[in-house]
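This briefing covers the fold, the surface and the charged side chains of one protein chain. Please read it alongside the sequence and the model.

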Amino acid sequence: MSDERIVPVPQERLREVFGDVIELVSEHGSLDKFEIKAEFQLGPYVYAALQSSAMKKEQEVELFRVILTDNGEPQLETIEDDDEWEIASEAYDDLLFANDEMP
């Protein structure tokens, strides 16, 4: 088993289609606005970190896998696997840390 970490590669698929804010339908049927905080490729998958105004207070984000539909449009998919979510979360943290180091 290798200890090498896969480096997240920034992406812009969602921003190219939706801009900086995306609206999602909540489980209660309401429209919630989320800021696209980051989008990155990690291995074969692309992930997005989204943040609502309520989440901003706690500096939390929601992570999703970004998939492409048959017509090439990005779509968000919930990450069901805990291990995959943890890997994506660590990669997001790595991106934040790398951005903090930039002059």
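A contact here means heavy atoms within 4.5 Å. Among the contacts in the chain with a separation of 6 or more, 42% are between residues 24 or more positions apart. The model is predicted. The chain has three helices and six strands, and six salt bridges are counted.

**Fold and dimensions**

- Along the sequence, the helices and strands follow the pattern β-α-β-β-β-α-β-β-α.
- The C-alpha trace spans about 45 × 35 × 30 Å along its principal axes.
- The radius of gyration of the chain is 14 Å, which agrees with the value near 13 Å for a compact globule of 103 residues.

**Burial and surface**

- Of the 103 residues in the chain, 32% are buried.
- The chain exposes about 7400 Å², and 48% of this area is supplied by carbon and sulfur atoms.

**Charge**

- The chain carries 27 negative and 8 positive side chains.
- The centres of these two sets lie 7 Å apart.

**Salt-bridge network at arginine 15**

- Glu12, Arg15 and Asp20 are linked in a network of salt bridges.
- Arginine 15 meets glutamate 12 in a salt bridge with an N to O distance of 3.9 Å; the cut-off for a salt bridge is within 4 Å.
- Arginine 15 also forms a salt bridge with aspartate 20, where the closest N and O atoms are 3.1 Å apart.
- Partly exposed lies between the limits of 20% and 50% relative accessible area, so arginine 15, at 24%, is partly exposed.
- Glutamate 12 counts as partly exposed at 40% relative accessibility.
- Aspartate 20 is likewise partly exposed, because its relative accessible area is 49% and exposed means over 50%.

**Salt bridge between arginine 65 and glutamate 84**

- In the salt bridge of arginine 65 with glutamate 84, the closest N and O atoms are 2.5 Å apart.
- This pair links distant parts of the chain, with the two residues 19 residues apart.
- Arginine 65 lies in strand 5 (residues 62–68), and glutamate 84 lies in helix 3 (residues 82–101).
- Arginine 65 has a relative accessible area of 13%, and buried means under 20%, so arginine 65 is buried.
- Glutamate 84 is buried too, with a relative accessible area of 13%.

Methods
Residues numbered from 1 in each chain as written. Predicted model: local features only at pLDDT ≥ 70, side-chain atom pairs only at ≥ 80, totals over all residues. Heavy atoms only, no water. Salt bridge = Lys/Arg side-chain N within 4 Å of Asp/Glu carboxyl O. Buried < 20%, exposed > 50% of the residue type's maximum accessible area, 1.4 Å probe, protein only. Helix = DSSP H or I, 4+ residues; strand = E, 2+ residues; numbered from the N terminus. Rg over C-alpha atoms; globule rule 2.2 N^0.38 Å. Areas by Shrake-Rupley, 256 points an atom, 1.4 Å probe, with all protein chains shown as cover. Lys, Arg positive; Asp, Glu negative; His and termini not counted. Charge placed at Lys NZ, Arg CZ, Asp CG, Glu CD.
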